[in-house]
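The following exercises ask the reader to work through a structure step by step. Each task is followed by its solution.

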Amino acid sequence: MTLDFYSASVPIYLGSGTRGVRRHLPSFLDLLSPRARILELGCGGGWDAEAMIAAGFDVDPTDGTPEIARKAEERLGRCLRVMRFDELDAREVYDAIWASARLLHVPRSSLPKILALVFEALKPGGLHFASYKGGGAEGRDRYGRYFNYLSREDVTEAYRRSGPWEVVSVTEYLGGGYDGRQGPWVAVVVRRPD
C-alpha cells in the first residue's frame, strides 16, 4: 500500500516540500572522507544524491519505486537501481549509508533485520544516518502510508537488536512531511565498529 501511494503520486509527491537537500546532510557529509562511497536508500527525487555527487562523493542512489527512480535518473543523468530495503545484499562495500526519512516505512518487527543488512553493507568504520517520524505508535497516515513512528527509545532499541553499532548521535527535533504537518522526528548516526 505504501509503495502504491508513491507509484501513483510521483508528480505530486516529488513536487511537494522544499525540494532541497535534507537538513542533516551537510553535517553527515562532514564526517566522511573525501570521495567516500555512499549508498542512498530511497533517493526520492534525487536532491540529496545530486548534492553528494556535486561534493565529490561516489554515490549509489536507490529507490524502491520504479516511477520515482526514473524521475531521479532524469535529475542525475545516470541509471540507478530499483531496490527495496530487504533486497540489500552488499557485504562491506560502503563507507556510508544515507536513509533520510526512508526507513520509517519499515514495519517495527522487520526493522532490526533491515538494519542488520545495513550493518553488513558497511565497511568497518562505516557510518549510517537515518531519520524517523516520532510518535511512539505505528500506523498509517491519512494517505494509507505505513509509518513505524518510533520514539527515541524505540530507535535505540532497534539498532541495539540489529548489531554491535556504536552510537554517534541521536537527535530529536520538530519537522514536517508530505502532509504539511509538523511533528516529532528522531535522527540517528551510528558507526559499524572497526
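A residue is called buried if its relative accessible area is under 20%, exposed if over 50%, and partly exposed in between (1.4 Å probe, protein chains only). The model is predicted, so local features need pLDDT of at least 70 and side-chain atom pairs count only at pLDDT 80 or more, whereas totals for chains, interfaces and linings use all residues. Residues are numbered from 1 along each chain as its sequence is written, and side-chain values use heavy atoms, with hydrogens and water left out.

**Exercise 1. Classify R84 and D86 by accessibility, and describe how their side chains are paired.**

Step 1. D86 has a relative accessibility of 47% and therefore counts as partly exposed. R84, at 40%, is likewise partly exposed.

Step 2. A salt bridge requires a side-chain nitrogen of Lys or Arg within 4 Å of a carboxyl oxygen of Asp or Glu. R84 and D86 form such a bridge, with their closest N and O atoms 3.1 Å apart.

Step 3. A network of salt bridges links R84, D86 and E87.

**Exercise 2. Set out where the salt bridges K71–E74 and E92–R192 lie in the chain.**

Step 1. The whole structure contains 13 salt bridges. Helices (H or I, at least four residues) and strands (E, at least two) are DSSP runs, numbered from the N terminus.

Step 2. In the bridge between K71 and E74, the N to O distance is 3.9 Å. Both residues belong to helix α5 (residues 66-76), where they are 3 residues apart, about one turn of the helix. K71 is partly exposed, with a relative accessible area of 39%, while E74 is exposed at 59%.

Step 3. E92 and R192 meet in a salt bridge of 3.0 Å, N to O. This pair links distant parts of the chain, 100 residues apart: E92 is in the loop between β3 (81-82) and β4, and R192 is in the segment after β9 (183-191). The relative accessible area of E92 is 42%, making E92 partly exposed; R192 is buried at 10%.

**Exercise 3. Which residues do ring pairs link into a cluster, and how is each pair arranged?**

Step 1. Rings of Phe, Tyr and Trp (its six-membered ring) pair if their centres lie within 6.5 Å; planes under 30 degrees apart count as stacked, over 60 as edge-to-face and the rest as tilted. By this criterion the structure holds 7 aromatic pairs.

Step 2. F28 and F129 form a tilted pair, with 6.1 Å from centre to centre and 55° between the planes. The pair links distant parts of the chain, since F28 is in helix α3 (residues 25-30) and F129 in strand β5 (residues 122-133), 101 residues apart.

Step 3. F28 is buried at 1% relative accessibility, and F129 is buried at 2%.

Step 4. W98 and F129 form a stacked pair, at 4.3 Å centre to centre and 20° between the planes. Because W98 lies in strand β4 and F129 in strand β5, this pair ties together parts that are 31 residues apart in sequence. W98 is buried, at 0% relative accessibility.

Step 5. The cluster linked by ring pairs thus contains F28, W98 and F129.

**Exercise 4. Locate S100, state whether S100 is buried or exposed, and name its contacts beyond its sequence neighbours.**

Step 1. S100 is found in the loop between β4 (94-99) and α6 (111-121).

Step 2. With a relative accessible area of 6%, S100 is buried.

Step 3. Contact means heavy atoms within 4.5 Å. When neighbours within four places in sequence are set aside, S100 contacts R22, D48, F129 and S131.

Step 4. D48 is one of the buried residues of helix α4 (residues 47-54), together with W47, A49 and M52. After α4 comes G56, with a positive phi near 95°.

**Exercise 5. Describe the chain as a whole: its elements, its burial and its contacts.**

Step 1. The chain has 7 helices and 9 strands.

Step 2. Of its 194 residues, 51% are buried.

Step 3. Considering contacts between residues at least 6 apart in sequence, 66% join residues at least 24 apart.
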